[in-house]
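Okay, everyone, thanks for coming. I'll put the structure up, and then we'll walk through it together.

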Amino acid sequence: MARSGFLRTILVFAVLTIVSSYIFPKRERADLLSLCLNLLDFAIRVLITYVIYGYRYAPMKIGMSLISLSALIDFLSSYLMFPKSELLETLSSLSGYFVVAISLLWLFRDFISEEFHRLLYTDYLTGVLNRQTFVKLASRKLQSLKENETAFLLYLDLDGFKKVNDQFGHSFGDKLLQAATKRIKSCTKSSDLLGRIGGDEFVLFLAGADAKMAEQVLERINEKLKEPFGIDGVRIELSLSAGVAVYPKDGESLEDLIEASDKAMYRAKSMKRGKERVRGSEEIAG
């Protein structure tokens, strides 16, 4: 349908142009090459218009229609005694910019969508869920649990991380935090929710898990984080403090579970204070 309509348009336009050039000649004879190029320009614009009309983007359809109409008016004014329209030329120019912008957005739509998703839903530094998104998604999972199903919330904190920043700088600390996050994430499943709740603190929600599964996940994370990190030529060893809360025993809402696991994490941290240390190529924290 679009192809036949396009061919009819070109045929009518060509006949009209040839006949009109003889009936209404201008003072100077039209250059044949220029005539052909202008005709080709108009034909391409009409073809693009027909293609775009197969899609749902009404603004782009209107824009391309104005561009094609402007080309027709410009052609007629060049070879016939036809008045130009400054308003139409301005609208055509604006439409051209608009069509280019829409085309670029469509071309890079996947990249743009991923960037918006990253900015809105994930933590800018580590790539895991940000606090707001974690709370929203974990609350939904909590509400969808079946009767007698349990869920575990793990509150994870990297020991002495502030001293790492003080000793090596925040840029070094960011790299270490990113590396630690990758190790934590490698211990989780796709159905688990991992979020950064602030600083060096993370929360991990295990829906439908039992005590044994939660313990195994925590052990894997501990083992991963005990392995030395190599950041900018510096060897760093970390330790982890964790608190665990279980649904519905420790709370029936996500806020209650976060609070309960946070308190459990601080109890664990206070019990080993002075025993666990963060070490770099030199001892940097006691």
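So, to start: which side chain does the side chain of Thr133 make a polar contact with? It's Asn130, and the two side chains come to 2.7 Å. Keep in mind that what you're looking at is a predicted model.

Let's stay with Thr133 for a moment. You'll find Thr133 in helix H6, which covers residues 131-143. Is Thr133 buried or exposed? The cut-off for buried is under 20% relative accessible area, and Thr133 has 9%, so Thr133 counts as buried. As for what it touches, if you skip the neighbours within four places in sequence, Thr133 is in contact with Leu120 and Tyr121.

Okay, zooming out. The protein has 10 helices and six strands. There are 286 residues, and 38% of them count as buried. On the surface side, the protein exposes about 17800 Å², with carbon and sulfur atoms supplying 58% of that. And if you take contacts between residues at least 6 apart in sequence, 69% of them join residues at least 24 apart.

One more helix before we finish: H8, residues 170-186. How far apart are the end C-alpha atoms of H8? They're 24 Å apart, and that agrees with the expected span, because 17 residues at 1.5 Å a residue should come to 24 Å. Now look at which residues in H8 are buried: Phe172, Gly173, Leu176, Leu177, Ala180, Thr181, Arg183 and Ile184. While you look at that list, remember that an α-helix has 3.6 residues a turn, so residues three or four places apart point the same way.

Methods:
Residues numbered from 1 in each chain as written. Predicted model: local features only at pLDDT ≥ 70, side-chain atom pairs only at ≥ 80, totals over all residues. Heavy atoms only, no water. Helix = DSSP H or I, 4+ residues; strand = E, 2+ residues; numbered from the N terminus. Buried < 20%, exposed > 50% of the residue type's maximum accessible area, 1.4 Å probe, protein only. Polar contact = N/O pair within 3.5 Å; in protein donor to acceptor, adjacent residues only side chain to side chain. Contact = heavy atoms within 4.5 Å. Areas by Shrake-Rupley, 256 points an atom, 1.4 Å probe, with all protein chains shown as cover. Expected span 1.5 Å × (residues − 1).
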